[in-house]
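Me: Please examine the assembly shown here and discuss one interface and one helix.

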Amino acid sequence: MDWLDQQQQYFETLQNFGPRLWDGFVLTVQLTLVGAALAFVIAVILGLMAGSPNLWLRGPARVIIEFFRGTSLLVQLFWVYYVLPLFGLTLESSFTVGVIALGVNYGAYGAEAVRASLTSVSSGQWEATVALSMSWPHKIRRIIFPQAWALMIPSLANLLVHLLKGSAVVYIVGLNDFNFELDQLRRVTDAWFAYAFIGLIAYFLFALVLTQGMRLLEIRAKHRLGQGPTIREILSPAPKMPIASAHPGSTPSLFGGKTPGGQG
Amino acid sequence: MITLTPLLTAQPAGDSSGPIWNWEFAVEIFPEILTAFIQVTLLVTVVGTIIAAILGLVIAILIRVLPTPLALIVRWAANFIRMTPIVVQLLVLYYGFTWMDPLLIGFIVFGIHYATYMSEVYRAGIESVPKGQWEATKALSMSAGRTWRRVVIPQALRSTIPSLGNYAISMFKDTPFLFVISVAEMVRVAQTIGAQTFRYTEAITIAGLIFLAASYPTALLINRLEKRLAYAN
Amino acid sequence: MPTPTDPETPVIEFVDVEKRFGDNIVLKDLNFSVRRGERVTLIGPSGSGKTTILRLVMTLEELTGGYIFVDGEPLTHREKDGKRVPVSAKEQKQLRTRIGMVFQQFNLFPNMTVLENIIEAPIHVLGQSKSEATAKAHSLLEQVGLPDKANEHPMSLSGGQQQRVAIARALAMDPEILLLDEVTSALDPEVVGDVLNILRTVADTTNVTMLIVTHEMSFARDVSHKVMMFDGGRVVEEGAPEKIFSDPTHERTKQFLSAVLRDA
């Protein structure tokens with residue numbers, strides 16, 4: 001009965017620990033979403049700069065992008081944590097430290113995705129905006145970006161998962177995120193498998209939710225460009241007509257067909 | 001074994017005396033950081049890449065040749081590993097297999113994690129081999145093993161090299177995650193120097209610049225290779 | 001519509017124009033002018049630089065030598081103290097709004113409806129009110145035979161319909177100069193006639209200056225006042241369409257015409 005007792009004890013500890021784990025998980029979700037929001041803003045600004053014909057915008061953007069892509073996330077985390085205070089910028093909360101490090105690192109990767117998708121919008125579209133004398137901000141906002149958006153979502157979805165995974169390291173600067181609470185659970189129970197079962201599965205499920213959310217965004221963006229079905233058509237359990245024949249060319253399915261590309 | 005206290009020392013609050021950057025100190029600590037870079041960071045990257053490149057190909061082939069339910073299991077297992085944090089994976093093995101050397105854990109985790117990425121690259125490469133090639137091997141009654149070895153893999157491999165290289169660079173920049181299982185890789189060494197001397201700026205910056213100096217030229221080289229391959233096709 | 005002070009001023013004038021892509025010289029020492037209301041067709045084998053001329057007028061290509069004048073004003077560069085200096089972006093934009101272009105690949109914006117495609121630039125570039133632009137768009141759609149397609153997505157239209165929308169979009173800007181770049185080359189043979197008929201009507205009912213690149217020789221004969229035969233970046237022969245098509249003098253023109261007319 002020893003073994004059973006032990007299991008029962010584990011289970012009770014786990015039960016007592018539940019709220020803490022949940023709080024940690026919520027913090028990880030927040031860290032990921034706020035970090036991703038910052039990364040997205042940085043990616044769009046740097047990506048537009050890097051894709052601009054003006055050398056004074058493109059040059060600095062390239063340097064910043066390569067710098068933050070080339071040095072490592074952990075190095076940047078330590079910079080924000082240890083070095084920024086020396087410049088008089090002490091960040092009180094480790095949440096902010098984490099958000100900034102995740103934001104600049106994945107923002108730099110995202111900038112490459114933004115820039116690449118801007119240049120992937122067909123040259124005919126760019127030429128049509130010249131023929132209609134549109135100003136640069138106008139053509140970017142109304143014509144080019146809405147089309148580039150559909151192209152960049154898959155890369156951004158990959159980066160979002162990378163960012164979630166990267167967020168697990170932020171606990172070392174003192175953030176009580178999900179990974180930290182898992183570690184606490186290990187300490188009191190010596191149940192390392194908490195990591196393996198609860199930890200990995202929770203991270204995995206959250207990553208799945210994120211990628212499927214991005215997939216829906218992509219379907220919507222493509223539909224707005226006249227490609228593929230609407231989200232409603234995809235989610236409808238019994239399509240009135242076969243989607244493939246209703247929308248020749250592309251039939252994205254919600255599950256499956258994921259191809260995570262590289263971030264490098 | 002060492003029990004790890006992952007929480008760091010407090011931020012340097014009072015120690016703002018002296019210049020922010022001290023060249024003498026930077027020169028003094030540089031060799032130690034560079035040694036850690038060569039002995040651990042590069043080692044993990046090289047061994048991890050070799051494991052990932054081989055295992056990735058195995059996964060890609062398994063997904064292709066196994067019957068559907070088994071292939072699906074392999075595929076979702078790969079998805080699972082790919083979509084969960086390396087940091088947590090390192091900690092799972094670290095506390096689960098306490099007899100294992102942390103460096104060995106690093107090889108295994110980085111190798112397997114990136115194998116799941118590389119398998120996708122191989123999959124795309126295998127799919128890009130024209131159907132006619134498969135049909136030709138059938139027409140010549142070649143065995144399955146021979147078909148893969150002599151026809152499919154050589155053709156699939158060519159176009160995959162740049163992507164594999166990019167993942168090797170990604171892995172390289174992920175190696176500091178070994179920090180959490182107290183492997184003395186470059187960033188940990190830099191952080192330790194900082195903690196001992198209360199001078200973080202030089203150590204952390206040197207580590208960052210070494211990363212940049214190693215990864216940027218490699219990325220350029222891979223980019224050029226990619227263009228040349230695209231041009232050759 | 002702005003009118004130049006001197007009614008004799010050519011609408012388009014090429015002076016010593018040279019265009020090279022790297023070491024490859026596409027146009028050399030090109031001099032010609034187009035009068036107000038004149039319709040000029042450029043013919044010649046592919047690679048002879050016809051399309052490049054249109055793209056230079058639309059500022060889609062950078063001029064590497066010489067000058068182009070629109071309404072007597074320099075379009076890209078002016079001569080100052082014996083040197084070639086670029087004109088300001090503002091000056092260029094001012095001239096460019098007088099030029100419209102219809103492309104071989106239509107280049108409609110897929111993220112907008114047909115109506116939005118047509119009214120986008122009149123509202124945001126010319127500063128027209130939305131109601132004014134919309135009313136004009138509807139009458140143009142009527143003119144091109146698509147009165148009921150205003151709220152459709154471009155991608156749901158056939159190629160011929162898309163090209164008719166593209167013509168309406170170009171006309172909505174009230175251009176003085178309309179550039180037609182192989183506008184029927186990407187269309188199915190049976191709809192080519194519709195599109196050409198619309199352009200014939202535009203030619204008959206307006207005074208818009210047209211610069212046309214086409215392989216439709218009968219269309220060229222019908223609408224143009226002047227035909228210019230290009231080969232190797234130079235004008236080989238020019239004259240009234242009746243003269244060029246029925247009695248060409250130059251050997252190169254004879255070869256070219258016999259080849260295209262045999263194909264047709």
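The questions and answers below treat an interface first and a helix afterwards.

This is a predicted model, in which local features need pLDDT of at least 70, side-chain atom pairs count only at pLDDT 80 or more, and totals for chains, interfaces and linings use all residues. Residues are numbered from 1 along each chain as its sequence is written, chains are lettered from A and ligands numbered from 1 in the order written, and side-chain values use heavy atoms, without hydrogens and water.

Me: What area do chain C and chain A bury between them?
Reply: Buried area is the accessible area (1.4 Å probe) that two parts lose on being put together, summed over both. Contact (heavy atoms within 4.5 Å) involves 24 residues of chain C and 18 residues of chain A. Carbon and sulfur atoms carry 60% of the buried area, which is about 1900 Å².

Me: Which side chains meet in a salt bridge at 2.6 Å, N to O?
Reply: A salt bridge requires a side-chain nitrogen of Lys or Arg within 4 Å of a carboxyl oxygen of Asp or Glu. Chain C and chain A have two salt bridges between them. The pair at 2.6 Å is C:Glu120 and A:Arg142.

Me: Where does the kink in H6(B) lie?
Reply: Helices are DSSP runs (H or I, at least four residues), numbered from the N terminus. Helix H6 (residues 144-174) of chain B has 31 residues, yet its end C-alpha atoms are only 37 Å apart, short of the 45 Å of a straight helix, the expected span being 1.5 Å times one less than the number of residues. The bend, taken as the angle between axes fitted to the seven residues ending at a residue and the seven starting there, is about 50° shortly before the proline B:Pro162, at B:Thr160.

Notes:
Helix = DSSP H or I, 4+ residues; strand = E, 2+ residues; numbered from the N terminus.
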